[in-house]
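Biologist: Before we discuss this model, please place the structure in front of us. I shall then ask about particular features in turn.

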Amino acid sequence: MAMKRLRSRALPLLVTIIVAVFAGGLWVEHWQVYDYFRLRNYNPSSRVVQLADDTTLNNSTRRLFYVNHPELDDKSTFTEHCLQSEKTIVLGCFVPGQGIYIYNVTDSRLQGIVQVTAAHETLHAAYQRLSGREKQRVDDLINQAYKQVDDQRIRATVEDYRKNGADVTNELHSILGTEVRNLPPELEQYYKRYFTDRGKIVSYSEHYEAVFSARKVKIAKADKRLTELKSQIDTTNVDLDAQSAQLKATKSQLEALAQSKQYQTYNAAVPDYNASVRSFNSTVKSVQDMIDEYNALVKERNDAVVEEGQLIKAIDSRPSTVPTE
């Protein structure tokens, strides 16, 4: 009787294990079959191969990249592939069952942005293939790591994803892997299954972000200095008006002394008057210098604004509006 009870309990467990193994095998086999047909007769372009090299994809990740037939699109083609809102600039997208699409940013100042986008979208493709158990483990690692991220740009980006109803953990999986240099050891080890040198990808990200931040910092510093200069100029001009009025009054007094032939009093007052004139003229010169600095800084600030606008335009994949007739 004991043996029969053991068999009756073991049989369902054995069936469950067999079904689980079979299902897992089907899951793996499903991707192998999919990849086989996707890669059959596919020859990546030299640019796509270079992207795989630049992003240090290992052999299996390179294969995943190619499975998704990555494309570098101009604006019109990109907007056909990647859905986006009017307020959001999108640089790439992974469309399951279709492929990876990357906006072809050509501004030389933003070198590296295409590479980071390619790696970002490839990580989306990789995330899709994680088993349920592995995804839960990775999600826990990602959410713990994000708590330590203090980069306000990244946090603002993640909040935008959250507000727009995106799968935030999925996005973090790509963001942390391509934009955050220091990660917990276990998560760092996880990303090694995809890249041979993740730090190189982060360097690309740091480079083009520095291009944007340098302009922002320059504009902010210029705005602060312009505010200070304007205040100094306005205050000094008020003082100059008062000094000018005083000098005119003193000059009239001196002229009256001269006309009345009070030469001794006149001569005694002239040195102080001349000293006041020299002080006035010196202050006028300092105001002129401040005005020159102000005008030069306005030009520098406006040039930085123009450059920032050019950079934003270079990555703006949103479709242009069409004028009405």
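Modeller: I suggest that we begin with a surface feature: V33, Y36 and F37 form a nonpolar patch. Such patches consist of residues with over 30% relative accessible area and no salt bridge, where nonpolar side chains (Val, Leu, Ile, Met, Phe, Trp, Tyr) are joined within 5 Å and like charges within 9 Å. This is a predicted model, in which local features need pLDDT of at least 70 and side-chain atom pairs count only at pLDDT 80 or more, while totals for chains, interfaces and linings use all residues. Residues are numbered from 1 along each chain as its sequence is written, and side-chain values use heavy atoms, with hydrogens and water left out.

Biologist: What accessible area do V33, Y36 and F37 have together?

Modeller: Accessible areas come from the Shrake-Rupley method with a 1.4 Å probe, and for residues only the protein chains shown count as cover. By that method, the patch of V33, Y36 and F37 has a joint accessible area of about 310 Å².

Biologist: Is Y36 buried, partly exposed or exposed?

Modeller: Y36 is placed in helix α1, residues 2–39. Buried means under 20% relative accessible area and exposed over 50%, with partly exposed in between (1.4 Å probe, protein chains only). Because its relative accessible area is 48%, Y36 is partly exposed.

Biologist: How many helices and strands does the protein chain have?

Modeller: Helices (H or I, at least four residues) and strands (E, at least two) are DSSP runs, numbered from the N terminus. Along the sequence they follow the pattern α-α-α-β-α-β-β-α-α-α-α-α-α-α. The protein chain therefore has, by these DSSP runs, 11 helices and 3 strands.

Biologist: In what order do the strands form the open sheet?

Modeller: Two strands pair if DSSP finds at least two bridges between them. The pairing in this open sheet is mixed. The edge strands, each pairing on one side only, are β1 (71–73) and β2 (92–95). The order of the 3 strands is β1-β3-β2.

Biologist: Which residue in β3 stands opposite C93?

Modeller: β2 pairs with β3 (residues 99–103) in the antiparallel sense, over 4 bridges. Within this pairing, G92 stands opposite I102. The residue opposite C93 is Y101.

Biologist: Which residues of β2 point the other way from G92 and F94?

Modeller: In a regular strand the side chains alternate between the two faces of the sheet. In β2, G92 and F94 point one way, and these residues and their counterparts are all buried. Those pointing the other way are C93 and V95.

Biologist: Which residue takes a positive phi in the hairpin of β2 and β3?

Modeller: This hairpin has 3 residues between the strands. The positive phi, near 85°, is that of G97.

Biologist: Is S205 buried or exposed?

Modeller: S205 is found in helix α10, residues 198–259. Not counting residues up to four places away in sequence, S205 touches V116, R153, T178 and E179, where contact means heavy atoms within 4.5 Å. Because its relative accessibility is 2%, S205 counts as buried.

Biologist: How far apart are the closest N and O atoms of R137 and E134?

Modeller: A salt bridge is a side-chain nitrogen of Lys or Arg within 4 Å of a carboxyl oxygen of Asp or Glu. R137 and E134 are 3 residues apart in helix α6 (residues 132–146), so about one helical turn separates them. R137 is partly exposed at 31% relative accessible area, whereas E134 is buried at 17%. The closest N and O atoms of this salt bridge are apart by 3.0 Å.

Biologist: How many residues apart in sequence are the parts that R193 and E134 tie together?

Modeller: The side chains of R193 and E134 meet in a salt bridge at 2.6 Å, N to O. R193 lies in the loop between α9 (185–191) and α10, and E134 lies in helix α6, so the parts tied together are apart in sequence by 59 residues.

Biologist: Which residues are linked in a network of salt bridges with E134 and R137?

Modeller: By the rule for salt bridges, the count comes to 19. Among the network's members, R193 counts as partly exposed at 36% relative accessibility. The residues linked with E134 and R137 are E186 and R193.
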